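Here's a quick walk through one corner of a chain, starting from a single residue and working outwards. Have a look at the sequence and the model first.

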Amino acid sequence: MERGLTLLLPLFLGLLQQGRCGPLEVEPSGPVVAVAVGGSRQLTCRLACAGRTAASVQWRGLDTSLGAVHSDSGSSVLSVRNASLSAAGTRVCVGSCGNFTFQQTVQLLVFAFPDQLTVSPVALVAGLDREVTCTAHNVTPADPDALSLSLLLEDQELEGLQTLGRDEEEETQEGEDMLFRVTERWLLPPLGIPAPPTLHCQATMRLPGLELSHRQAIPVLHSLTSQEPPVTTSSEATPEKGSTPSPQSSGQPGNSSTGPCLPEIQQLSVPGGVELLCEAACGPGVTVYWTQAPGHLAAYERQEAGARAWLSVLWAACNPSGWFQCRLDPGGQTASLYLVPEICSPPTPESLWMGSLVLGLLLLTFLTYHLWKHCRDRQVLQPPCPA
């Protein structure tokens, strides 16, 4: 009995000594901390020891390229600046009070969620358009648990909406960061009479302690004579209680409602049709290209050169009426124009023209001969007048 108490006494004293040491604290709290691409974040680790014992605290397992560490008595601060996707990973804070060592891990999650939403069509024609697509550009993570796309009527998801599919593709990037383009397609239910003036595509990024959302308006036109739809966007950030949202990436242009540079479409008359010019007066380093046309882009003659892009529409080609859209990169701003063909005459082969002409001449010759013969017979049969 006495020997058992003797063996338990050191363990009991150790527990008492450990209890005199305060807990290891990490700010911000939580096992996962999110930071935006290009953003900055500080992780602070603290430990207090009882009595005169000095606390030793240090962030470990880090490369100099992944963050700067400043340690002092009882605390250590890890600073992550201009975060890239390669900065994501596990951080370990190790603290000690005398012979007792504690550690706590934090998962640093780097995300990208710029306000770059595009929709197709850019405006709906009531009673004609049934399928809608919405795309979020240059985002990560792209899995459905983190990023969701929805179609809203006012602030509620549109009832009766049928999801057709979701696509996740890599964006073309010049840097090392791998970003994604996420597209979701829906089949619209009947919008009712009168149709609502606007629908909204909403992209929502949900991460631990953080929720961000962007919206893109989709005007609903009641006739084909409506003018070009306004491009309006709004973004909302709703951090959860007790969390601090990370700043979004600096240097990533927003969409057409916030960016200082916007593409414009000009309509130029040419023989037999029109030529559309998409131009962005933004200085060097930008490109514009056509992203949407009635039918299919491959059916049109296009030419792209930096900040200018041309597209030819020939009336004789019977192109369907609809929206033409071009896009500016970098930035993702778009411009749109609705065009209705003035003339639609299907091309007739030359051989068909010649055959029709020969047939017409033969028919005219046949009718002329029979008319001449008929008149001659009447003159022969008619009796001469008496003297």
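Let's start with Gln 267, which sits in strand 19 (residues 264-270). Strands here are DSSP runs of E with at least two residues, numbered from the N terminus. Keep in mind that this is a predicted model, where local features need pLDDT of at least 70, side-chain atom pairs count only at pLDDT 80 or more, and totals for chains, interfaces and linings use all residues. Residues are numbered from 1 along each chain as its sequence is written, and side-chain values use heavy atoms, with hydrogens and water left out.

Is Gln 267 buried, exposed or something in between? It's partly exposed, at a relative accessible area of 43%; buried means under 20%, exposed over 50%, and partly exposed in between, using a 1.4 Å probe on protein chains only. Setting aside neighbours within four places in sequence, Gln 267 touches Val 274, Glu 275, Leu 276, Leu 337 and Leu 339, where contact means heavy atoms within 4.5 Å. Its C-alpha atom is 9.9 Å from that of Leu 311, which is 44 residues away along the chain.

Now for the strand pairing. Two strands pair if DSSP finds at least two bridges between them. Here are two antiparallel pairs, each with one facing couple of residues:

| Strands | Bridges | Facing residues |
|---|---|---|
| strand 24 and strand 25 | six bridges | Phe 324 opposite Leu 337 |
| strand 22 and strand 23 | five bridges | Ala 305 opposite Arg 308 |

Strands 21, 24 and 25 make an open antiparallel sheet, in the order 21-24-25. Strand 21 and strand 25 (334-339) are at the edges with a single partner strand each, so one side of each has no neighbour in the sheet. From one strand to the next the twist averages 25°, with axes taken as lines fitted to C-alpha atoms and angles running from 0 to 180 degrees between N-to-C directions.

The hairpin of strand 22 and strand 23 has two residues between the strands, and Gly 306 takes a positive phi near 65° there.

What about aromatic pairs? Rings of Phe, Tyr and Trp (its six-membered ring) pair if their centres lie within 6.5 Å, with planes under 30 degrees apart counted as stacked, over 60 as edge-to-face and the rest as tilted. That rule gives one aromatic pair. Tyr 300 and Phe 324 meet edge-to-face, 5.7 Å centre to centre with 80° between the planes. The pair links distant parts of the chain, 24 residues apart: Tyr 300 is in the loop between strand 21 (287-292) and strand 22 (301-305), and Phe 324 is in strand 24 (residues 322-329). Both Tyr 300 and Phe 324 are buried.

Key: Helices (H or I, at least four residues) and strands (E, at least two) are DSSP runs, numbered from the N terminus.
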